[in-house]
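Let's work through a ligand site together, one exercise at a time. Have the viewer open and try each task before reading its solution.

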Amino acid sequence: MTDTTTASHAASAHTTAHATTADAGSSQDNREIRWGIVGTGRIARRFAQGLAYVPHARLAALWSRRAQPAQAFADEFGGTVCDSFDALLASGIDALYIATVQDSHADYAIAALQAGLHVLCEKPATINRAQLERVLAVSRASQRLFMEAMKPPFYPLYRKLRAQLAAEPIGEVGLVRAGCSVPGVPDDHPSLSFEHAGGALLDIGIYEMFLAVDWLGAPRDVQTFGRLGPSGVDTFASLNSQHERGISQLFCGLDLHGKGDALLMAKGGHVTIHEPWWNPSRATIRYADGRVVELDEPFEGGGLNYETAHFCELIRAGRLESPLMPHDTSLQMIAMADAARAALGLKFAGE
Ligand SMILES: NC(=O)c1ccc[n+]([C@@H]2O[C@H](COP(=O)([O-])OP(=O)(O)OC[C@H]3O[C@@H](n4cnc5c(N)ncnc54)[C@H](OP(=O)(O)O)[C@@H]3O)[C@@H](O)[C@H]2O)c1
């Protein structure tokens, strides 16, 4: 970190809700965590690559509907290929990483929790709030850990930013602005699939909803403009929302090209989390008194390793919920997505 005008402060202060490493409790316990994966597509590869950077954890078993890609995955990353999802649940793993497309997340999560496993589930955790409430009820009943795999809060940059703002505050953040729109995904990509509950809001917007909820609290009113594409899912949405502590301005899309930095504004200054802020490594804090603090925190292992390491620590500490990615945050994010989809008239099967 370079502070261009003042000596930098030690990153010692932190809040309970955003503790840095104390988040999961202890650390003498080096028990190995045996992971299973369901769904061996693109994000599962990144998870498996990241697992190599997580101490005392290994890929033990996996299953996907098609045997050949699952076997190729195991040949590359290790683990035993199971014959069925039930066989995966019974394979002796401690935790399941759900890396299928989102229409199947809730069913897999509930089955795994009921089987006594801890569950790290790709984003969006479920396709709507009602599904997520069911998953969380099972997590509580079975006393097993559940966490949505929302990666940004676990990156070194994000933690450093929290620590810096605790040490040298800018005041309460009152506006969050973030957006990302990525055109040109192939027609058969799950993002454009109505059947798999794709769409820009659940694929991309959910990261932005995380940022808004994390800094501003629960949404109170979500106003949305947007459009649906030929497959029936949303291809662009612009949201203006009132939260407990401020306003968020978000956009997400699959039909225009536009990425950018994220902006957090407060009375005492503003923060730019530089693109790609969803895999954050650089931020600039501009204080109202003229000081500028640059944060530069490269990440290793592809980035998913930080949430995975945190999740392993939570298991060892016997926790049922992450303090950095709590259940309420996931509920508030998906409530925003539900409200935005309702405004666009987008309902998925069974809704
Ligand atoms: N955290 C991140 O940075 C990040 C980035 C990208 C995507 N994601 C999320 O990760 C999830 C997967 O995305 P992806 O890009 O990896 O998709 P993908 O490449 O299409 O992979 C999905 C995998 O799941 C399997 N699958 C799909 N439906 C299934 C079902 N009902 N039961 C069992 N297996 C099923 C597919 O293989 P079979 O058809 O052979 O079963 C495939 O291996 C999505 O929810 C997405 O939002 C997260």
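**Exercise 1.** Find the polar partners of the ligand at Thr 40, Arg 42 and Ile 43.

*Solution.* Start with the backbone: a polar backbone atom of Thr 40 is 3.1 Å from a ligand oxygen. Next, go to Ile 43, where a backbone N or O atom lies 2.9 Å from an oxygen atom of the ligand. Then turn to a side chain: an N or O atom of Arg 42 is 2.9 Å from a ligand oxygen. A polar contact here is a pair of N or O atoms within 3.5 Å. Finally, look at cover: of the 900 Å² of accessible area that the ligand has on its own, the protein covers 85% (Shrake-Rupley method, 1.4 Å probe).

This is a predicted model, in which local features need pLDDT of at least 70 and side-chain atom pairs count only at pLDDT 80 or more, while totals for chains, interfaces and linings use all residues. Residues are numbered from 1 along each chain as its sequence is written, and side-chain values use heavy atoms, with hydrogens and water left out.

**Exercise 2.** Describe the shell around the ligand by class and by domain.

*Solution.* First, list the neighbours: 23 residues surround the ligand, and among those that come nearest are Arg 66, Tyr 108 and Lys 151 (near is a heavy atom within 4 Å). Second, sort the shell: eight residues are charged, eight polar and seven nonpolar (Asp, Glu, Lys and Arg count as charged; Ala, Val, Leu, Ile, Met, Phe, Trp, Tyr, Cys and Pro as nonpolar; the others, Gly among them, as polar). Third, place the ligand: it lies between domain 1 (22-152) and domain 2 (158-299 + 326-344), because both give residues to the shell (bounds from an automatic or database domain assignment).

Technical notes. Polar contact = N/O pair within 3.5 Å; in protein donor to acceptor, adjacent residues only side chain to side chain.
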